[in-house]
Amino acid sequence: MKRWLLLWVGAGLACSGLGWCAAQAQTERLYSLDTTCSLGQGKPQPCQVEAVEVGETTEYRHQLGARTISYRILDDPYVRIEGRKSAGAPWTSVRNAWINFSTNELCFNNRAFCVVNPTFLADVKAEAQGPAFEGRETVGLAFGEGGRVDVACFDNGCRRLLEAIGR
């Protein structure tokens, strides 16, 4: 399932095409990846990513020891990303998300959680054809209070955005 890619491309280009369904839908494991994850300023630690298709949706579950941290992308009623800190915890809107293609790293909420996932990012790059992503190293999204995409940035635009808001 590659519709989640449209979040990254579509946010900057005002289009989306993601599909999510209710949690009780059939699930199918798409892939599993042994990699590293980091929490906050902590050092990278071994983790396993499991991509699970739930109906027409893909949920990314990150296993760090006994803890599972999950993220999902929704498009109804608007594009947003939600995460939960542990299995069974409530889903909450993500404040921001960043991709660094050179390190294959995806981070959420000001680096509160980061994962190295070359499988996911290779698909993002493969699907993001054309001038919008050509030669890009960084893609960032900032979400409003309700989870809706407020700002999308690329490369130096992300650095300039962070400078403008004083981070």
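**Note on the two largest pockets**

1. The second largest pocket holds about 240 Å³ of space, a value computed, like everything below, on a predicted model. Ten residues line this second largest pocket, and those lying nearest its centre are Trp98, Cys107, Arg111, Thr138 and Leu162.

2. As for the secondary structure around the second largest pocket, strand E7 (96–100) and strand E8 (105–108) each supply at least two residues of the lining. The largest share, three residues, comes from E7, so a reader who wishes to find this pocket in the structure may start from that strand, strand E7 (96–100).

3. When the lining of the second largest pocket is sorted by class, four of its residues are nonpolar, three are polar and three are charged.

4. The largest pocket contains about 300 Å³ of space. Its lining is made up of 16 residues, among which Tyr71, Arg84, Lys85, Thr92 and Asn109 are the closest to the centre of the pocket.

5. Which strands each supply at least two residues of the lining of the largest pocket? They are strand E4 (67–74), strand E5 (80–84) and strand E6 (92–93), and of the lining as a whole the largest share, three residues, comes from E4.

6. By class, the lining of the largest pocket has eight nonpolar residues, together with four that are polar and four that are charged.

Terms used: Residues are numbered from 1 along each chain as its sequence is written. This is a predicted model: local features need pLDDT of at least 70, side-chain atom pairs count only at pLDDT 80 or more; totals for chains, interfaces and linings use all residues. Side-chain values use heavy atoms; hydrogens and water are left out. On a 1 Å grid over the protein atoms alone, a cavity is a set of points where a 1.4 Å probe fits but cannot get out, and a pocket is an open set with protein on both sides within 12 Å along at least five of seven lines; lining residues have an atom within 4 Å of a point. Grid points are joined across faces, edges and corners, and a volume is the space filled by probe spheres set on the points. Helices (H or I, at least four residues) and strands (E, at least two) are DSSP runs, numbered from the N terminus. Ala, Val, Leu, Ile, Met, Phe, Trp, Tyr, Cys and Pro count as nonpolar, Asp, Glu, Lys and Arg as charged, and the others, Gly among them, as polar.
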